[in-house]
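Student: I am new to this structure and would like a close look at a single part of it. Could you walk me through one strand and its surroundings?

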Amino acid sequence: MTRANPWLQRFHPSPRSDVQVICFPHAGGSASFYHALSAALSPSAELLAVQYPGRQERRHEPPITDLRLLAGRIAEVLGPGGDRPRVFFGHSMGALVAYETVLTLGGHGPSALFVSGRRAPSRVRHEMLHLLDDHDLVAHLKALNGSEAAVLADEELRKLVLTTVRADYRAIETYRPEAGARLDCPISALTGDADPLTTLAEAQAWSTHTNSGFELHVFSGGHFFIRDHNAAVAKAILKCLETIDA
C-alpha cells in the first residue's frame with residue numbers, strides 16, 4: 001500500500017500490467033474493502049482504491065456530503081491518466097461516485113465502467129436514511145451485512161461508523177443526476193439476486209446511461225455479494241479488459 005496520495009491506495013503494485021482498475025467504495029466503506037479484489041486481479045491488472053475523507057487514516061477529515069463535489073475532487077486527483085488505459089469499478093454509493101467522476105473527466109474518462117450493487121441514476125428512490133436515529137441506522141446496516149456491521153458492537157467505533165455512513169447517505173440521498181446524461185464508455189452492471197436495495201430491472205436500467213455497450217452480471221447473494229464472488233467479479237473485469245487495446 002502506498003500513502004503518497006491520501007486519495008488512492010495500492011495494495012498489490014503491478015507496474016507491468018497493461019490496465020489500471022480504479023475502485024470506489026460503498027457508503028461508510030473504505031479503500032481496504034477492495035484488498036481481496038486487488039489480489040484476484042494482480043498481476044494482470046493493477047487496482048487503485050479510492051479513499052474518501054472521513055475514514056481509516058483520513059478519519060480526522062470531514063466527510064464530503066455532496067456527491068458531485070466528491071466526484072470532482074477525485075477527478076482532479078486522477079487527472080487525464082497516464083500511459084495505461086483505466087477502468088472504473090464502484091460498489092453501491094461508489095457506483096454513483098464513479099459514474100459522476102466519468103462525467104466530470106469527459107474525454108479523459110475510463111475505457112469501461114463497472115457499477116455494482118446500485119440501481120441506475122435514473123431510477124430514483126426518495127429515501128431519508130441519513131435522518132434515522134442511531135438505533136434504526138444500526139439495524140439497517142446489520143441487515144445489509146456490510147463490513148461496517150462487524151464494528152458496530154464497539155461504542156467508539158460505532159460513533160465513527162455512523163458519522164461516516166450518515167454523511168455518505170446524505171450525499172446519495174440529496175444527489176440528483178443530470179437528466180439524459182450518457183457515457184461514451186461501455187457499462188457493466190453487477191448485482192446480487194437477493195439485493196434488497198437494487199432490483200434486476202433497476203440494475204438493467206444502467207443500459208440507458210451509455211452510448212456504448214452494456215452487460216448485466218447477476219450473482220447469488222445480497223447487497224454485498226461481491227465478498228463471496230471476488231474471483232468471479234475479477235474474471236468479469238479481466239474478460240472486459242481483453243477488449244481494451246492497451
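Which residue stands opposite L8 in β3?

Tutor: Happy to help! Please keep in mind that this is a predicted model. The residue opposite L8 is V50 in β3, so let us start from that strand.

Strand β3 pairs with β1 in the antiparallel sense, and three bridges join the two. β3 also pairs with β2, this time in the parallel sense and over five bridges. In that second pairing, I22 stands opposite L48 in β3.

Now look at how the side chains of β3 are arranged. A45, L47 and A49 point one way from the strand, while E46, L48 and V50 point the other way. Whichever way they point, all of them are buried. Because six of the six residues of β3 are buried, the strand is largely enclosed by the rest of the structure.

Let us step out to the sheet. β3 belongs to an open sheet of seven strands with mixed pairing, in the order β1-β3-β2-β4-β5-β6-β7. The edges are taken by β1 (8–10) and β7 (214–219); each has a single partner strand, so one side of each is left without a neighbour in the sheet. On average, neighbouring strands are turned by 20° against each other, direction ignored.

Further along that order, β4 (residues 86–91) and β5 (residues 112–116) run parallel and are joined by five bridges. There, H91 stands opposite S116 in β5. Helix α3 packs on the sheet, where it touches β2, β4 and β5, and its direction makes about 145° with that of β4. Another helix brings us back to our strand: α7 (residues 230–241) lies across β2, β3 (45–50), β4, β5, β6 (187–192) and β7, running at about 160° to β5.

What about the core? The largest nonpolar core has 73 residues, and F24 and F89 touch the most other members. The largest share of this core comes from α3, with eight residues. As background, nonpolar side chains in soluble globular proteins tend to be buried together. Leaving aside residues up to four places away in sequence, F89 touches V21, I22, C23, F24, Y34, F114, S116, L190, I226, V233 and I237. You have already met two of these contacts of F89, I22 and S116: I22 as the residue opposite L48 in β3, and S116 as the residue opposite H91.

C23 is another contact of F89, and it leads to the cysteines. The structure holds zero disulfides. C23 is in none, and the nearest cysteine sulfur to its own, that of C240, is 13 Å away. C23 is buried, with a relative accessible area of 0%. C240 is buried too, at 15%. The closest cysteine sulfur to that of C240 is in C185, 9.3 Å away, which is too far for a bond.

One last stop is just past β2: G28 sits in the loop between β2 (19–24) and α1 (35–41). G28 is buried, with a relative accessible area of 17%. From G28 to F89 it is 61 residues in sequence and 17 Å in space, C-alpha to C-alpha.

To return to where we began, β3 has β1 as an antiparallel partner and β2 as a parallel one, and α7 lies across it.

Note on methods:
Residues numbered from 1 in each chain as written. Predicted model: local features only at pLDDT ≥ 70, side-chain atom pairs only at ≥ 80, totals over all residues. Heavy atoms only, no water. Helix = DSSP H or I, 4+ residues; strand = E, 2+ residues; numbered from the N terminus. Buried < 20%, exposed > 50% of the residue type's maximum accessible area, 1.4 Å probe, protein only. Core = buried A, V, L, I, M, F, W, Y, C linked by side-chain atoms within 4.5 Å. Contact = heavy atoms within 4.5 Å. Pairing = 2+ DSSP bridges. Axes fitted to C-alpha atoms, helices over the stretch in contact; angles between N-to-C directions. Disulfide = S-S within 2.5 Å.
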